[in-house]
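Please look over the sequence and the structure shown here, and keep them at hand while the following paragraphs lead through a few of their features.

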Amino acid sequence: MSAESSNYGRFKKHISKITDLGFAGAVLGWDQQVYMPKNGAAHRGQQLATLGTMAHELYVSPSFEKLVRELGDEVNLGDAERTNVALVKKDLERKKKYSPEFVEKMALTTSAAFGAWHEAKSKRDFSIFKPHLETIVAMKREEAEFLGYEEHAYDALVYDYEPGLTVKEIDRIFGALKENFFPFVKSAIANSKPDASFLSKEYPRAKQWEFSKRVIERMGYDFDSGRADDAPHPFCTTFAPKDVRITIRGNEREWAMMFFAAVHEAGHALYELGIPQAEHYGLPLGSAVSLAFHESQSRFWENTIARSLPFWKGRYSELQAIFPENLKEVPLETFYRGVNRVEPSFIRVEADELTYHAHIYIRYLTEKALISGELEVKDLPAFWNDLYEEYLGIRPSHDGEGCLQDVHWSYGSFGYFPTYSFGSFYAAQLHSAMKREIADFDGKVERAEFAPILDWLRTKVHTHGRRFTSDELLKRATGEGLNVGHFMEYARGKYGSEGA
Ligand code: ZN
């Protein structure tokens with residue numbers, strides 16, 4: 001029997017078709033944010049929904065399910081093939097729990113909610129979004145029930161973003177942060193009052209990109225397998241195994257935004273490009289393990305590398321040469337402190353790498369309370385503002401800079417936020433292991449010799465796709481399960497009195 005006509009060959013071919021639809025949807029979604037004229041919007045949502053529905057129907061088709069069942073009993077499959085089949089079987093069981101009616105209702109609800117959220121945010125008026133959010137929260141509770149969970153309904157929803165992560169574990173990790181880390185952040189805020197005015201001068205966009213591009217190419221991002229375009233929000237998207245794009249955004253009055261976002265998105269892209277996607281097209285072994293791990297890769301490059309002192313010791317003179325009028329008189333130490341200043345703020349996406357986790361913790365507490373029913377949507381703004389006062393010492397003056405700032409809930413995404421913090425925690429743990437195993441790590445960062453670092457990530461993380469769970473992958477890469485101590489040590493080393 002030839003490979004193509006074997007059961008596994010047919011299985012691969014079917015997944016391939018579904019994946020083609022997914023990537024075609026990615027192209028449309030990317031175009032929507034990058035090039036599409038305003039009047040294209042009327043039909044774009046429908047086009048994306050059609051592709052999404054076709055992919056879902058192909059996935060849950062009875063003939064495919066039968067094939068997957070038969071393959072599960074086949075004895076002569078190789079190790080990789082068995083893993084792919086077992087994980088697809090698991091994915092299929094979860095997808096089958098969604099009735100077509102629920103999927104359609106959610107699509108309609110969130111498409112209306114997105115528009116309402118947008119209006120509510122710009123008018124700073126929560127009441128516009130409130131009825132939509134009430135429907136979404138009720139539907140997410142329903143979803144958690146039909147998906148099933150052991151302890152907390154929220155666990156069922158987190159699964160989409162970090163399979164296996166539970167309220168119990170999130171509470172354990174944030175419990176440790178509450179005790180040791182959040183008080184430390186308060187003292188870092190009090191001690192960190194650097195002059196950062198030099199970052200807000202005239203920085204021509206083309207020159208910003210010249211430097212950003214140079215750095216992400218050195219990281220290993222290959223423009224033959226990707227490209228960068230302007231978009232209102234930076235993101236990374238995959239169209240094919242060797243076509244992984246990023247988007248960037250520049251502000252001519254502010255230097256840091258484009259550079260750190262470009263490094264962040266390139267970190268996501270390097271992960272995508274390191275997964276054996278061509279070999280396992282659309283299959284679990286050709287996919288990222290989780291969103292939190294994805295975020296660990298982008299945050300590692302953005303914060304651990306590109307905001308580090310060794311990096312700027314090596315690169316600062318290059319940046320000064322590009323912007324002599326703004327930076328010639330600014331010493332390295334001042335610049336380094338400026339790009340690492342710690343200050344409480346209302347907006348998550350603009351937060352520094354320490355206060356960021358308070359923003360996440362607040363969102364987590366809010367989502368958990370909404371899903372469990374302890375919090376009603378009408379009480380959300382006050383609940384949110386109280387938490388900002390408690391954890392960051394500031395109170396939003398309106399809901400636009402408060403509970404309306406993130407798009408996630410309007411999409412129906414609940415359980416997404418914790419993955420941002422867990423990404424930082426994984427990144428710190430990977431960094432500790434890397435420093436033990438890669439000789440002269442800081443020297444390499446200073447010289448921009450990133451190849452050994454990327455190789456380490458490729459070997460320990462990227463190449464495995466979804467072969468292991470996040471926890472197993474972390475154990476294999478670093479020798480232990482998640483230990484948030486590495487993150488706290490990193491923060492103290494960098495922001496404590498003994499650090500910079
Ligand atoms: Zn990211």
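A cavity, in the sense used here, is a set of grid points where a 1.4 Å probe fits but cannot get out. The model is a predicted one, and by this rule it contains one cavity of 30 Å³ or more. Rolling a probe the size of a water molecule over the atoms shows where empty space is left. The volume of the largest cavity is about 70 Å³, and the residues that line this cavity are Arg 299, Asn 303, Thr 304, Glu 353, Ser 424, Ala 427, Ala 428, Phe 487 and Tyr 490. Two or more lining residues come from each of the elements α11 (291-305), α17 (418-437) and α21 (485-495). Sorted by the character of the residues, the lining of the largest cavity consists of four nonpolar, three polar and two charged residues.

One of these lining residues, Arg 299, also leads to another feature, since the closest N and O atoms of Arg 299 and Glu 295 are 3.0 Å apart and the two residues form a salt bridge. Arg 299 and Glu 295 are four residues apart in helix α11, so about one helical turn separates them. Are these two residues buried or exposed? Arg 299 has a relative accessible area of 7% and is buried, and Glu 295, at 7% relative accessibility, counts as buried.

Glu 295 brings us to the metal site. The zinc ion is coordinated by His 264 and His 268, each through its NE2 atom, and by two OE atoms of Glu 295, at 2.1 to 2.7 Å. Along the chain, these donors follow the spacing H-x3-H-x26-E. Both histidines, His 264 and His 268, belong to helix α10 (residues 256-274), where they are four residues apart, or about one turn of the helix, and both of them are buried. What is the geometry of the site of the zinc ion? The angles among its four donor atoms run from 49 to 126 degrees, and the site is irregular; four donors would count as tetrahedral if all angles were between 85 and 135 degrees.

The pair in helix α11 can now be set beside other charged pairs. Side chains of opposite charge can pair when their charged atoms come close. In the whole structure, a search finds 35 salt bridges. Among them, the side chains of Asp 160 and Arg 94 meet at 3.1 Å, N to O. Asp 160 sits in the loop between α7 (153-158) and α8 (167-191), while Arg 94 sits in helix α4 (residues 79-96), so this pair ties together parts that are 66 residues apart in sequence. The two partners can be told apart by accessibility, for Asp 160 is partly exposed with a relative accessible area of 41%, whereas Arg 94 is buried with a relative accessible area of 16%.

A further salt bridge joins Glu 202 and Arg 253, with their closest N and O atoms 2.8 Å apart. This pair, too, links distant parts of the chain, for Glu 202 lies in the loop between α8 and α9 (205-219) and Arg 253 lies in the loop between β3 (243-248) and α10, 51 residues apart. Here Glu 202 counts as partly exposed at 42% relative accessibility, and Arg 253 is partly exposed with a relative accessible area of 47%.

Terms used. Residues are numbered from 1 along each chain as its sequence is written. This is a predicted model: local features need pLDDT of at least 70, side-chain atom pairs count only at pLDDT 80 or more; totals for chains, interfaces and linings use all residues. Side-chain values use heavy atoms; hydrogens and water are left out. Donors are N, O and S atoms within 2.8 Å of the metal (3.2 Å for Na, K and Ca); water is not among the atoms, so sites may look incomplete. Four donors count as tetrahedral if all angles lie between 85 and 135 degrees; four count as square planar and six as octahedral if opposite donors are over 155 degrees apart and all others between 65 and 115; anything else is irregular. Buried means under 20% relative accessible area, exposed over 50%, partly exposed in between (1.4 Å probe, protein chains only). On a 1 Å grid over the protein atoms alone, a cavity is a set of points where a 1.4 Å probe fits but cannot get out, and a pocket is an open set with protein on both sides within 12 Å along at least five of seven lines; lining residues have an atom within 4 Å of a point. Grid points are joined across faces, edges and corners, and a volume is the space filled by probe spheres set on the points. Ala, Val, Leu, Ile, Met, Phe, Trp, Tyr, Cys and Pro count as nonpolar, Asp, Glu, Lys and Arg as charged, and the others, Gly among them, as polar. A salt bridge is a side-chain nitrogen of Lys or Arg within 4 Å of a carboxyl oxygen of Asp or Glu.
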